[in-house]
Amino acid sequence: MALLITDECINCDVCEPECPNQAIFMGAEIYEIDPGKCTECVGHFDEPQCVQVCPVNCIPVNSAYVEDHETLWQKYRRLQALTTQNLSA
């Protein structure tokens, strides 16, 4: 499952640099998470790093993007392959 930043976000800027997939970006008013890039840190860490550092606990699971652990692993591997391709280009 991808994560979601709610409107309780205070734009403190601590989550964005913690994301190993660069899935977090500044939206129109608050930070947002690209569900196509979010693996809940599977492949990188045991826990989602953005959730760990968020001071207001505004990053729940996004129920619109339900993915099991294996699907998150596949997404991680796909993103890593794209990163490797981009570095060698």
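Which class does Asn11 fall into at 27% relative accessibility: buried, exposed or partly exposed? This report on a predicted model takes up that residue, then Glu40, then a pair of aromatic rings.

## Asn11

Asn11 counts as partly exposed, because its relative accessibility of 27% is neither under 20% nor over 50%. The residue sits in the segment before strand E1 (24-26).

The backbone of Asn11 has a phi near 55°, which is positive although the residue is not glycine. Most residues other than glycine have a negative phi.

## Glu40

A positive phi is also found at Glu40, again near 55° and again in a residue other than glycine. Glu40 belongs to the loop that runs between strand E2 (31-33) and helix H1 (49-53).

Glu40 is buried, at a relative accessible area of 18%. That value meets the cut-off for buried, which is under 20%, so the Glu40 side of the comparison with Asn11 reads buried against partly exposed.

## The aromatic pair

The count of aromatic pairs in the model is one. Its members are Trp73 and Tyr76, with ring centres 5.5 Å apart and planes at 85° to each other, an edge-to-face arrangement. The angle qualifies as edge-to-face because it is over 60 degrees.

Both residues lie in helix H2 (residues 69-88), three residues apart, which means that about one helical turn separates Trp73 from Tyr76. Trp73 is partly exposed, with a relative accessible area of 31%, whereas Tyr76 is buried at 16%.

Methods
Residues are numbered from 1 along each chain as its sequence is written. This is a predicted model: local features need pLDDT of at least 70, side-chain atom pairs count only at pLDDT 80 or more; totals for chains, interfaces and linings use all residues. Side-chain values use heavy atoms; hydrogens and water are left out. Rings of Phe, Tyr and Trp (its six-membered ring) pair if their centres lie within 6.5 Å; planes under 30 degrees apart count as stacked, over 60 as edge-to-face and the rest as tilted. Helices (H or I, at least four residues) and strands (E, at least two) are DSSP runs, numbered from the N terminus. Buried means under 20% relative accessible area, exposed over 50%, partly exposed in between (1.4 Å probe, protein chains only).
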